[in-house]
Amino acid sequence: MKRKLTYSQMDVLMADPVQPTPAFKRNHQLTRMWQGLHELETSSKPTIRDWTVVSDAINMMETLLGMGWVQDPDNTLTEAMEAMSEAGRRHQEGHALRLSGQGIQTIRGILEDYASALEQLPYRVMLAAHRRTEQRLHEILDGKVQPHDVRLP
């Protein structure tokens, strides 16, 4: 099944190759991301949407790592993905969509790194990473999984 991506290849080519993501777009993404984490930490009923916006930032960092734009010498991304997967599994078992204390700290660090990437990397790089991330997520949804992919039952 062919799914539409948020950004076209032309959007990527037309994006600034030097300057970072425009401030209003960065602020929108970062606000949603931090609100999602806040809800996962403190809300009595965090939503799937909260989980998704945090997962999106983690997935973007994984893509940026694969593209060679960020580094992860301590394998923190894997720990963050495991923490999100664990929260998702607990939610499927009928419990609140919660992160462990260590998971919160790990994910907070990844989100801080993502904020830095948004503020420093060229907008073109971020749009290209967004396209790759969406393509990969569509592949997972279509059943084209790789051994390292985290997928909830």
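Leu37 has its place in helix H2 of this predicted model. With a relative accessible area of 0%, Leu37 is buried. Leaving aside residues up to four places away in sequence, Leu37 touches Val54, Leu99, Ile107, Arg108 and Leu111. Thr76 lies 39 residues from Leu37 along the chain, and the C-alpha atoms of the two are separated by 17 Å.

Helix H2, which spans residues 23-42, also holds Met33. Met33 counts as buried, because its relative accessibility of 2% falls under the 20% cut-off. The contacts of Met33, not counting residues up to four places away in sequence, are Val53, Val54, Ala57, Leu111 and Tyr114. Val54 and Leu111 are thus among the residues touched by Met33 and among those touched by Leu37. Met33 and Asp72 are 39 residues apart in sequence, with 20 Å from C-alpha to C-alpha.

Helix H3 contributes a further buried position. Ile58 is found in helix H3 and, at 2% relative accessibility, counts as buried. With residues up to four places away in sequence excluded, Ile58 touches Leu77, Ala80, Met81, Met84, Ile107 and Ile110. Ile107 is one of the residues in contact with Ile58, and Leu37 touches Ile107 as well. In sequence, Ile58 and Thr31 are 27 residues apart; in space, their C-alpha atoms are 15 Å apart.

Two positions of helix H5 may be considered together. Thr106 is found in helix H5 and counts as buried at 7% relative accessibility. Thr106 touches Thr76, Glu79 and Ala80, again without residues up to four places away in sequence. Ala80 is also one of the residues touched by Ile58. Gly109 lies in helix H5 too, but is partly exposed, with a relative accessible area of 24%. The C-alpha atoms of Gly109 and Leu77 are separated by 9.6 Å, at 32 residues apart along the chain.

Two loop residues complete the set of individual positions. Thr21 is found in the loop between helix H1 (9-14) and H2. Thr21 is buried, with a relative accessible area of 2%, and is in contact with Arg26, Leu118, Leu121, Tyr123 and Met126 once neighbours within four places in sequence are left aside. Asn75 is found in the loop between H3 and helix H4 (76-92). At 42% relative accessibility, Asn75 counts as partly exposed. The backbone of Asn75 has a positive phi of about 60 degrees, although Asn75 is not a glycine.

The accessibility values are collected below.

| Residue | Location | Relative accessibility | Class |
|---|---|---|---|
| Leu37 | helix H2 | 0% | buried |
| Met33 | helix H2 | 2% | buried |
| Ile58 | helix H3 | 2% | buried |
| Thr21 | loop between H1 and H2 | 2% | buried |
| Thr106 | helix H5 | 7% | buried |
| Gly109 | helix H5 | 24% | partly exposed |
| Asn75 | loop between H3 and H4 | 42% | partly exposed |

The packing of helices H3 and H6 is considered next. Helix H3 (residues 48-66) and helix H6 (residues 123-141) have axes 9 Å apart and pack at an angle of about 110 degrees. H3 and H6 are therefore roughly perpendicular to each other, because angles of 65 to 115 degrees are placed in that class. From H3, the contact involves Asn59, Met60, Thr63 and Leu64; from H6, it involves Val125, Met126, Ala129, His130, Arg132, Thr133 and Leu137. These residues divide into 6 nonpolar, 4 polar and 1 charged. Met126, one of the H6 residues in this contact, is also in contact with the loop residue Thr21.

The second largest pocket contains about 580 Å³ of space. Its lining is made up of 23 residues, of which Gln29, Arg32, Asp56, Tyr114 and His130 are the closest to its centre. Tyr114 is among the contacts of Met33, while His130 takes part in the contact of H6 with H3. Helices H2, H3, H5 (101-120) and H6 each supply at least two residues of the lining. H6 gives the most, with 8 residues. By residue class, the lining of the second largest pocket divides into 11 nonpolar, 7 polar and 5 charged.

Definitions and conventions
Residues are numbered from 1 along each chain as its sequence is written. This is a predicted model: local features need pLDDT of at least 70, side-chain atom pairs count only at pLDDT 80 or more; totals for chains, interfaces and linings use all residues. Side-chain values use heavy atoms; hydrogens and water are left out. Axes are lines fitted to C-alpha atoms, for helices over the stretch in contact, and angles run from 0 to 180 degrees between N-to-C directions. Helices (H or I, at least four residues) and strands (E, at least two) are DSSP runs, numbered from the N terminus. Angles under 35 degrees count as roughly parallel, over 145 as roughly antiparallel, 65 to 115 as roughly perpendicular and the rest as oblique. Contact means heavy atoms within 4.5 Å. Ala, Val, Leu, Ile, Met, Phe, Trp, Tyr, Cys and Pro count as nonpolar, Asp, Glu, Lys and Arg as charged, and the others, Gly among them, as polar. On a 1 Å grid over the protein atoms alone, a cavity is a set of points where a 1.4 Å probe fits but cannot get out, and a pocket is an open set with protein on both sides within 12 Å along at least five of seven lines; lining residues have an atom within 4 Å of a point. Grid points are joined across faces, edges and corners, and a volume is the space filled by probe spheres set on the points. Buried means under 20% relative accessible area, exposed over 50%, partly exposed in between (1.4 Å probe, protein chains only).
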